[in-house]
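Open the model in your viewer and keep the sequence panel beside it. This tour goes from one selection to the next and says what to look for at each stop.

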Amino acid sequence: MNKIEHIGIAVSDLGLSEAVFDKLLNRKAYKSEEVESEKVKTTFYRLGESKIELLSVTHPDSVIAKYIDKRGSGMHHIAIAVDDIHQEITRLKKEQFVFIDEQPKRGADNKLIVFLHPKSTGGVLVELCQGLNDN
Ligand code: ZN
């Protein structure tokens, strides 16, 4: 566990939220990317060693669409950078943590990612991510 890689924020109106975060952080997003497997568009802002990820929906089936329907826009997950995601999965399973997916998958920002189920983390959706090359 190295650092908070990013904090994910689910947004219902990406244009509006980008305008808010441009002003709040006094900078522009450095990257926008569609993640087809998750049916989301992600926008990233750098903030020191960490990032803020805005997540917006590209299809009504997206898990983010369901989240926004239930709870509205807001903080969605916290992502922790790890060196070896497979090793951390094995370690955390031994500690009785539950994962949403059995295997890590390719996420935004050239990362291997996996989510822990909030029921095993006190209600917080936690993403582990391992960079596929240093960025
Ligand atoms: Zn994320």
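A salt bridge here is a side-chain nitrogen of Lys or Arg within 4 Å of a carboxyl oxygen of Asp or Glu. Keep that cut-off in mind for the first stop, and remember throughout that this is a predicted model.

**Stop 1: a salt bridge between two loops**

Select Asp 61 and Lys 39, which form a salt bridge with their closest N and O atoms 4.0 Å apart. The two residues come from distant parts of the chain: Asp 61 lies in the loop between β4 and α2, Lys 39 in the loop between β2 and β3, and 22 residues separate them. Asp 61 is partly exposed, at a relative accessible area of 42%, and Lys 39 is partly exposed too, at 30%. The structure holds 11 salt bridges, and you will meet others later.

**Stop 2: the sheet**

Now switch to a cartoon view and colour the strands. An open sheet is formed by 8 strands, in the order β2-β3-β4-β1-β5-β8-β7-β6, with mixed pairing. The edges are taken by β2 (31–35) and β6 (105–107); each has a single partner strand, so one side of each has no neighbour in the sheet. From one strand to the next, the twist averages 35°.

Zoom in on the β2 edge. Strands β2 and β3 (residues 40–47) run antiparallel and are joined by 5 bridges. Pick Ser 32 and look across to β3, where its bridge partner is Thr 43.

Next, show the helices that pack on the sheet. Helix α2 (residues 63–71) touches β1 (3–10), β3, β4 (50–57) and β5 (74–81), and its direction makes about 85° with that of β4. Helix α3 (residues 85–94) touches β7 (111–116) and β8 (126–131); here the angle, taken with the direction of β7, is about 15°.

**Stop 3: the zinc ion**

Which residues coordinate the zinc ion? Select His 6 (NE2), Glu 53 (OE), His 77 (NE2) and Glu 127 (OE), and you will find them at 2.1 to 2.3 Å. The angles subtended by the 4 donor atoms run from 82 to 172°, which makes the arrangement irregular. Along the sequence, the donor residues follow the spacing H-x46-E-x23-H-x49-E. Look at the two glutamates as a pair: Glu 53 in strand β4 and Glu 127 in strand β8 are 74 residues apart, so distant parts of the chain are linked here. Both Glu 53 and Glu 127 are buried.

**Stop 4: a buried salt bridge and its network**

Select Asp 109 and Lys 111, whose side chains meet in a salt bridge at 3.3 Å, N to O. Are these two buried or exposed? Asp 109 counts as buried at 1% relative accessibility, and Lys 111 counts as buried at 4%. Extend the selection to Glu 5, Lys 31 and Lys 51: salt bridges that share partners join them with Asp 109 and Lys 111 into one network.

**Stop 5: around the α3–β6 loop**

Move on to Glu 102 and Lys 93, a salt bridge whose closest N and O atoms are 3.0 Å apart. Glu 102 is exposed, at 55% relative accessibility, while Lys 93 is partly exposed, at 35%.

Finish on Val 98, in the loop between α3 and β6. Val 98 is partly exposed, with a relative accessible area of 32%. Leaving aside residues up to four places away in sequence, Val 98 touches Leu 116, His 117, Lys 119 and Ser 120. For a last distance, draw a line between the C-alpha atoms of Val 98 and Glu 53: these are separated by 24 Å.

How values were computed:
Residues numbered from 1 in each chain as written. Predicted model: local features only at pLDDT ≥ 70, side-chain atom pairs only at ≥ 80, totals over all residues. Heavy atoms only, no water. Pairing = 2+ DSSP bridges. Helix = DSSP H or I, 4+ residues; strand = E, 2+ residues; numbered from the N terminus. Axes fitted to C-alpha atoms, helices over the stretch in contact; angles between N-to-C directions. Contact = heavy atoms within 4.5 Å. Donors = N, O, S within 2.8 Å, 3.2 Å for Na, K, Ca; no water. Tetrahedral: all angles 85-135°; square planar, octahedral: opposite > 155°, others 65-115°. Buried < 20%, exposed > 50% of the residue type's maximum accessible area, 1.4 Å probe, protein only.
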